[in-house]
Amino acid sequence: MTSIWVESIGRGIDQALDLLAGAVRDCADELWETAMWRVPVPEPDRQFLGPDWNPITDPAERRVLAQRWVERWAAPWSVAWHALESVDYDLNGEFGPWTPPPPFAGHPHWRDLTNLPAPWSRAELLAYADYCRQRAQTTLAGLTDEKAATPLPPAHRYRGQPHAWVITGLLGHTTEHAAQIRQFITWDGIARGM
């Protein structure tokens, strides 16, 4: 039997994913690729990796990637992708092999944001939200107190923290990004007198 705490966390993740999916669904086409806030140009020493995981060294190509970084970092599709990838990855916790579902497999946000030929579609991101919802249900169904207290492995960015801390943090992180998108699209509607 699942504890009330695990059940509550599951409901919270489900609600956060609902908020994110709603904002993605409601985002107007003309705002999908628009930066929601000003993004500074990356420092000259910022490393960009190609699809082969090797650093991009050509100055002209680096300038193009830096411009794409500025254009894409704070766009609704990019922020939603980041939020969903975080849910997916943190539920796994580096306790085993992890890869997101197709078409996201092999395209980590931090590396491929600038390399993708086009933004992810609304349908792709909504499908990823559904995948994350199922992933949360599966992960939480097997979450015991002992597993929740297990420190994250050294490969995880939050290494050493209990897995439960990172899982509970997903609620705030996902809701934060859903609210950013919602505020952006709502403000646009107000500004246009809708």
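What follows is a walk through the helices, salt bridges and backbone oddities of this structure. The model is predicted, so local features are taken at pLDDT of at least 70 and side-chain atom pairs at pLDDT 80 or more, while totals for chains, interfaces and linings use all residues. Residues are numbered from 1 along each chain as its sequence is written, and side-chain values rest on heavy atoms, with hydrogens and water left out.

A good place to start is the pairing of α1 with α5. Helices here are DSSP runs (H or I, at least four residues), numbered from the N terminus. The two helices pack at an angle of about 180°, and their axes are 10 Å apart; axes are lines fitted to C-alpha atoms, for helices over the stretch in contact, and angles run from 0 to 180 degrees between N-to-C directions. That makes α1 and α5 roughly antiparallel to each other, the word used for angles over 145 degrees. Contact means heavy atoms within 4.5 Å. On the α1 side, the residues that meet α5 are V6, I9, G10, I13, D14, L17, D18, A21, V24 and R25. Their partners in α5 are R122, L125, L126, A129, C132, R133, A136 and L140.

Charged pairs come next. Side chains of opposite charge can pair when their charged atoms come close. A search of the whole structure turns up 7 salt bridges, each being a side-chain nitrogen of Lys or Arg within 4 Å of a carboxyl oxygen of Asp or Glu. One of them joins R133 to D18, with 3.0 Å between the closest N and O atoms. Since R133 sits in helix α5 (residues 122-141) and D18 in helix α1 (residues 4-26), the pair ties together parts that are 115 residues apart in sequence. R133 is buried, at 17% relative accessibility, whereas D18 is partly exposed at 40%; buried means under 20% relative accessible area, exposed over 50%, and partly exposed in between, with a 1.4 Å probe and protein chains only. D14 joins in as well, linked with D18 and R133 in a network of salt bridges.

Another bridge brings the side chains of D26 and R182 together, at 2.9 Å from N to O. This one links distant parts of the chain, with D26 in helix α1 and R182 in helix α7 (residues 163-191), 156 residues apart. Both ends are partly exposed: D26 has a relative accessibility of 46%, and R182 has 32%. D29 and R122 form a further bridge, their closest N and O atoms lying 3.2 Å apart. Here the link runs from the loop between α1 and α2, home of D29, to R122 in helix α5, 93 residues away in sequence. D29 is exposed, at 63% relative accessible area.

Helix α2 (residues 59-72) has 14 residues and reaches 20 Å from its first C-alpha to its last, close to the 20 Å expected at 1.5 Å a residue. The expected span is 1.5 Å times one less than the number of residues. At the start of α2, a side-chain oxygen of D58 comes to within 3.3 Å of the backbone nitrogen of A60. The buried residues of this helix are R62, L65, A66, W69, V70 and R72, and they pack against α3 (76-92) and α4 (109-112).

Helix α3 spans 25 Å between its end C-alpha atoms, in agreement with the 24 Å expected for 17 residues. Of those 17 residues, 16 are buried, so α3 is largely enclosed by the rest of the structure.

The backbone has a few quirks worth a look. Right after α3 comes G93, with a positive phi near 65°. E94, in the loop between α3 and α4, also has a positive phi near 65°, despite not being a glycine; E94 is partly exposed at 29%. W53 is another non-glycine with a positive phi, of about 70°. W53 belongs to the loop between α1 and α2 and is partly exposed at 45%. A cis peptide bond runs from P102 to P103, with omega near 0°, and P103 is in the loop between α3 and α4.

Finally, H163 lies in helix α7 and is buried, at 4% relative accessibility. Leaving aside residues up to four places away in sequence, H163 touches D90, L91, N92, G93, F95, K147, A148, T150 and L152.

Terms used
A polar contact is a pair of N or O atoms within 3.5 Å; within protein, one must be able to donate a hydrogen and the other to accept it, and residues adjacent in sequence count only if both atoms are side-chain atoms. Angles under 35 degrees count as roughly parallel, over 145 as roughly antiparallel, 65 to 115 as roughly perpendicular and the rest as oblique.
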